[in-house]
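Trainee: Got a minute to go through this one with me? I'll pull it up.

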Amino acid sequence: MEERYGLQERRQSNHAIHMEVFQVNPSGHLPLDVTSTDLVKRRLKQRHIQMIAIAGTLGTGLFLGTGEAIRTAGPLGALISFALVGSVAYSSLCSLGEMTSLAPISGSFPHFASRWVDPALGFAVSDLLKFYVPVEISGAQILISLWDSHHAAVYTVVLCILICATNIFGVIYFGETEFAFSILKLIMIAGLIIVGLVIDLGGAPNHQRLGFQYWKNPGLFVVAGLEPRYPALDNFLGILSVIAQAAFAYQGIEIVAVAASETENPRRNIAKAIRRVFYRILVFYILGVFIAGLIVPSDNPDLLAGTGFSAKSPFVIAMQISGIRVLPAIANAGFITSAFSAGNSFLFCSSRILYGLALRKQAPRFLTICTKKGVPIMAVLCSSVFAFLSLMNISSGAETVFNWFQHLCVMGGFFGWLSINITYIFFYRGLQYQGIDRRKLHYWNPLQPWLSIWGLIWCMLFILINGYSVFWDFDASDFLTSYLNIPVFFGLFLFWKITQGTVVWKPDEMDFTTGIPSCEETEGPTIPPKGFWQHVAAVLF
């Protein structure tokens, strides 16, 4: 297997030269070989990682955010925005998947940035991933308030404790929980799409056939209302205003690669999972937004009211209009479980990234402490603290807090994707310079490096235009939540670069072997399925 990558001679060379576990590389670079202190265990099975890849972070952004997108940009405008952002998310995941196929180790993309670009970049991007958990908890609490709006604090604390407990008990409990919730989410999104088709074709109790009626009236696009003298420009600005909403629905898609260090046969399973993500984007996101735009007009009063967050779900609105009585309550319960599941996945992701930082001395050493089951307990506990920021919804209003966290998450996610694509370009250049054939990796994409260049360009544009509307009608709160992460990111980058004296890696300095387990160490033999049900499981998982 080692000969496949052309790395065998490099590994022998590294073993010949003794390296201490925490030996820091010249020019301020970080320790690479942390195998003796990395105590997480590979307990996530193939079925776990496949379901996490397909539905792990499907949450409020998709199930509820589509209504806001249709209200703001119209059915076609929302579809264009989701398709564009989906292409950027896919390009970023392909870039990350290829790097993970070479190095399925703790730390994931922040460590890859430190390892192949500059340690300052890895440090900066890793600190922008804290608010995903509280935003999902806030979203779930908003949904619960439809049934009981008088005990917000109780529900918020319970959700926080449950999410934290799932991650504390062990990765196998996390895997089984996400496996079950992912199946529920797949059933729910498939059910919503089918119900949406039935409503559109006139099969609902009111027997009204919709077809493309709402694409004609009120129309394909909704103007932003910022440049009324230039309708075409106003339509374009309307589409731009949905970019953040679409990005929030996609973010967290990279969790499948973050879990590589705790996955059995990681190279094989991660490669299989990433190949399926394209179909996830096409079916769940693009088809879901398309159906939603058929069954609810963009000027529907429930969308325009801006109150009652779950009422913004186009599927729930369509059910209510068409006279379906039971399904809205069932859908609301499903939305709550999806928000819980997404928060659970985001806590896993943020804790493992924090653990990876600590392993390489970019965070306090005590964060490397693991339980006997291989759980980085201190990293999980520290990451869990941020979940309780969702309690801010009690004093400031759940929807207000949700919007604050959403804007912070979106910008942090853009910087995450940006760093992944930058890192891949350096990674690609380093492999070429050192004569390593990337086509022999378990996963590689023939469209590279153009995919990463596509993702890089759009991420830079997204960062600049996120929250652009504040420049027409300035609001200090919106401006801060939209652009605060920019000075934070560059402040962290400069802090680490100046204090540690780091420099950018050169192609001949990049290390593609130290601290990276060989294929023989991570990949077991492929066992062909036997019998009908094993063949079915092989297709599904």
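Trainee: Which way does α10 pass α18, left-handed or right-handed?

Mentor: In this predicted model, α10 passes α18 in a left-handed crossing, meaning the near helix is turned anticlockwise from the far one by less than a right angle.

Trainee: And what's the angle between helix α10 and helix α18?

Mentor: About 140 degrees, with the axes 9 Å apart, for α10 (residues 171–200) against α18 (residues 327–359). Oblique covers angles of 35 to 65 and 115 to 145 degrees, so α10 and α18 are oblique to each other.

Trainee: What residue classes are in the contact of α10 with α18?

Mentor: Twelve nonpolar, seven polar and three charged residues. Contact here is heavy atoms within 4.5 Å.

Trainee: New topic: how many helices and strands does the protein have?

Mentor: There are 26 helices and zero strands, taken as DSSP runs (H or I, at least four residues; E, at least two). Of the 541 residues, 58% are buried, i.e. under 20% relative accessible area with a 1.4 Å probe.

Trainee: Which element has the lowest mean pLDDT?

Mentor: Helix α2 (residues 8–16), at 44, while helix α22 (residues 450–465) has the highest, 94. That score is the predictor's confidence in each residue, from 0 to 100, and the protein averages 82.

Trainee: Where does pLDDT stay under 50?

Mentor: Over residues 8–28, for which the model still has 39 contacts beyond four places in sequence. Where pLDDT is low, don't read the predicted coordinates in detail.

Trainee: Any ground rules?

Mentor: Residues are numbered from 1 along each chain, and side-chain values use heavy atoms, without hydrogens or water. Local features need pLDDT of at least 70, side-chain atom pairs count only at 80 or more, and totals for chains, interfaces and linings use all residues.

Note on methods:
Axes fitted to C-alpha atoms, helices over the stretch in contact; angles between N-to-C directions. Nonpolar A, V, L, I, M, F, W, Y, C, P; charged D, E, K, R; others polar. Buried < 20%, exposed > 50% of the residue type's maximum accessible area, 1.4 Å probe, protein only.
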